[in-house]
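Colleague: Please take a close look at one part of the surface for me, and then carry on from there into the rest of the fold. I'd like it as one connected walk rather than a list.

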Amino acid sequence: MAGAATSAIKSVLTRHLHASPGSKKIVGVFYKANEYAALNPNFVGCVEGAIGIRDWLESQGHQYIVTDDKEGPNSELEKHIPDLHVLITTPFHPAYVTAERIKKAKNLQLLLTAGIGSDHIDLPAAAAAGLTVAEVTGSNVVSVAEDELMRILILVRNFLPGYHQAISGEWNVAAIAHRAYDLEGKTVGTVGAGRIGKLLLQRLKPFNCNLLYHDRLKMDPELENQIGAKFEEDLDAMLPKCDIIVINTPLTDKTRGLFDKDRIAKCKKGVLIVNNARGAIMDTQAVADACSSGHVAGYSGDVWFPQPAPKDHPWRYMPNHAMTPHISGTTIDAQLRYAAGTKDMLERYFKGEEFPPQNYIVKEGKLASQYQ
């Protein structure tokens with residue numbers, strides 16, 4: 001009897017792992033490209049490009065609906081929640097998949113993230129419902145690490161005031177130079193040293209910086225030695241040592257609001273912060289206040305909360321920022337990689353095959369280790 005009960009529980013947990021026979025309703029939520037869609041044939045990560053899988057899906061008899069309209073009870077996405085089988089979302093224009101939406105989605109079997117980072121999904125609710133959540137692990141790590149390096153240099157060299165002078169017809173070298181520095185010799189600490197964090201540290205090595213990292217796992221000693229980075233077990237002990245702090249940790253219950261007023265106060269006065277991880281890791285108002293007071297000398301990133309950021313978001317108006325919309329991981333090269341990865345997982349799903357193990361975020365009721 002106990003064996004039968006265990007088997008029944010297992011069947012509930014695994015019932016959505018693979019496709020049942022027949023035509024599927026697949027919904028994709030991406031940002032709209034409008035007039036820019038036609039400017040590059042490889043621009044596949046938008047509504048118009050539909051990550052390049054429309055013809056393939058429809059030729060197999062599946063229904064594929066793509067929209068950018070994702071918020072509220074009257075949105076296009078909401079209309080399709082009750083009968084969709086697969087939902088494809090993206091961190092760059094996140095469709096927030098709440099427990100309420102999961103409850104309404106009676107036919108939902110699979111949640112795919114075209115990119116990296118599935119925190120816009122209520123993962124415990126997805127696990128409880130027996131859903132599979134997967135993303136295209138590794139698809140845009142180079143893109144994000146390169147962007148982080150660019151943002152570090154933009155802040156350290158005080159680039160933006162010079163750019164604004166150039167376009168406004170001004171010329172005041174002193175107004176730029178009084179807070180422009182070399183990157184060489186500075187201490188850079190990354191909070192999180194996963195795939196992106198490691199790539200950033202590798203790219204920083206030629207700049208002759210003092211490199212630190214805080215992570216739940218220590219790096220392989222050989223790689224650590226090769227990069228020349230020092231492990232800091234205590235985050236609060238690392239922060240005052242850093243001239244530049246880069247956020248590279250996933251958004252979880254533990255990291256949400258991690259950088260609040262008190263933790264920012266532990267950073268060195270005049271610190272520069274780069275955050276391409278997730279906006280909600282930071283206390284929004286605490287960051288704005290620290291930039292206004294000068295405790296944080298510069299803040300740059302492409303992640304906000306919520307997204308798209310409202311017009312009155314405090315980070316739009318705080319001094320010494322170099323913010324952009326969420327762009328770092330959606331370069332054309334990255335789009336082609338996560339589009340191919342999404343198609344590969346859909347093919348496996350239709351055939352009843354397993355995904356690459358590193359792609360699973362929720363499987364058989366369990367969350368991936370980085371989200372636990």
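Modeller: Sure, and keep in mind that this is a predicted model. The part I'd pick is a nonpolar surface patch of about 330 Å², built from Phe159, Tyr163 and Ile167. Put your cursor on Tyr163, which sits in helix α7, the run from 159 to 168. Its relative accessibility is 39%, so tyrosine 163 counts as partly exposed. Patch members need over 30% relative accessible area, and that is why the 39% of Tyr163 is enough to let it in.

For a contrast, go to another helix. Isoleucine 264 belongs to α12, which spans residues 261-265. Here the relative accessibility is just 3%, so Ile264 counts as buried. What does isoleucine 264 touch, once residues up to four places away in sequence are set aside? The list is Phe259, Ala286, Val287, Ala290, His295 and Val296. Thr249 is another useful reference point: 15 residues separate it from Ile264 in sequence, and the two C-alpha atoms are 16 Å apart in space.

Now the strands. There is an open sheet of 7 strands with mixed pairing, and reading across it you get β2-β1-β3-β4-β5-β13-β14. Its edge strands are β2 (63-67) and β14 (366-367), each of which pairs on one side only. Being an edge strand doesn't leave β2 bare, though: 4 of its 5 residues are buried, so β2 is mostly covered. The neighbour of β2 is β1, residues 25-29, and these two strands run parallel, joined by 5 bridges. If you want one pair to click on, Val27 has Ile65 in β2 as its bridge partner.

At the other edge, β14 pairs with β13 (residues 360-363) in the antiparallel sense, over 2 bridges. Val362 is worth picking out there, since its bridge partner in β14 is Leu367. Stay with β13 for a moment, because its residue range takes in Lys363, a partly exposed side chain at 26% relative accessible area. Lysine 363 makes a salt bridge with glutamate 354, and the closest N and O atoms are 2.6 Å apart. Glu354 is partly exposed too, with a relative accessible area of 36%. Elsewhere, Glu78, Glu100, Arg101 and Lys104 are joined into one network by salt bridges that share partners.

The count of salt bridges comes to 17, and two others deserve a stop. In one, Lys70 meets Glu71 with the closest N and O atoms 2.5 Å apart. What I like about that pair is how the two ends sit: lysine 70 is buried, at 3% relative accessible area, whereas glutamate 71 is partly exposed at 46%. In the other, the side chains of Lys79 and Glu76 come together at 3.4 Å, N to O. Both of those residues are in helix α3 (76-80), 3 residues apart, or about one turn of the helix. Lys79 counts as exposed at 54%, while Glu76 is partly exposed at 25%.

Next comes β9, which covers residues 244-247. Which of its faces are covered, one or both? Both are: Ile244 and Val246 are buried on one side, and Ile245 and Ile247 are buried on the other. That split follows the usual pattern, because side chains in a regular strand alternate between the two faces of the sheet. β9 also has partners to look at. β6, residues 187-191, runs parallel to β9 and is joined to it by 4 bridges, and β10 (271-275) pairs with β9 in the parallel sense, again over 4 bridges. Ile245 is the residue to centre on, as it is the bridge partner of Gly189 and has Ile273 as its own bridge partner in β10.

One last stop, the cysteines. The disulfide count is 0. Cys209, for instance, is in none, and the nearest cysteine sulfur belongs to Cys242, 11 Å away. A disulfide would need the two sulfurs within 2.5 Å, so 11 Å rules that pair out. Cysteine 209 counts as buried at 14% relative accessibility, and so does Cys46, with a relative accessible area of 0%.

Note on methods: Residues are numbered from 1 along each chain as its sequence is written. This is a predicted model: local features need pLDDT of at least 70, side-chain atom pairs count only at pLDDT 80 or more; totals for chains, interfaces and linings use all residues. Side-chain values use heavy atoms; hydrogens and water are left out. A salt bridge is a side-chain nitrogen of Lys or Arg within 4 Å of a carboxyl oxygen of Asp or Glu. Buried means under 20% relative accessible area, exposed over 50%, partly exposed in between (1.4 Å probe, protein chains only). Patches are made of residues with over 30% relative accessible area and no salt bridge: like charges are joined within 9 Å, nonpolar side chains (Val, Leu, Ile, Met, Phe, Trp, Tyr) within 5 Å. Accessible areas come from the Shrake-Rupley method with a 1.4 Å probe; for residues, only the protein chains shown count as cover. Two strands pair if DSSP finds at least two bridges between them. Contact means heavy atoms within 4.5 Å.
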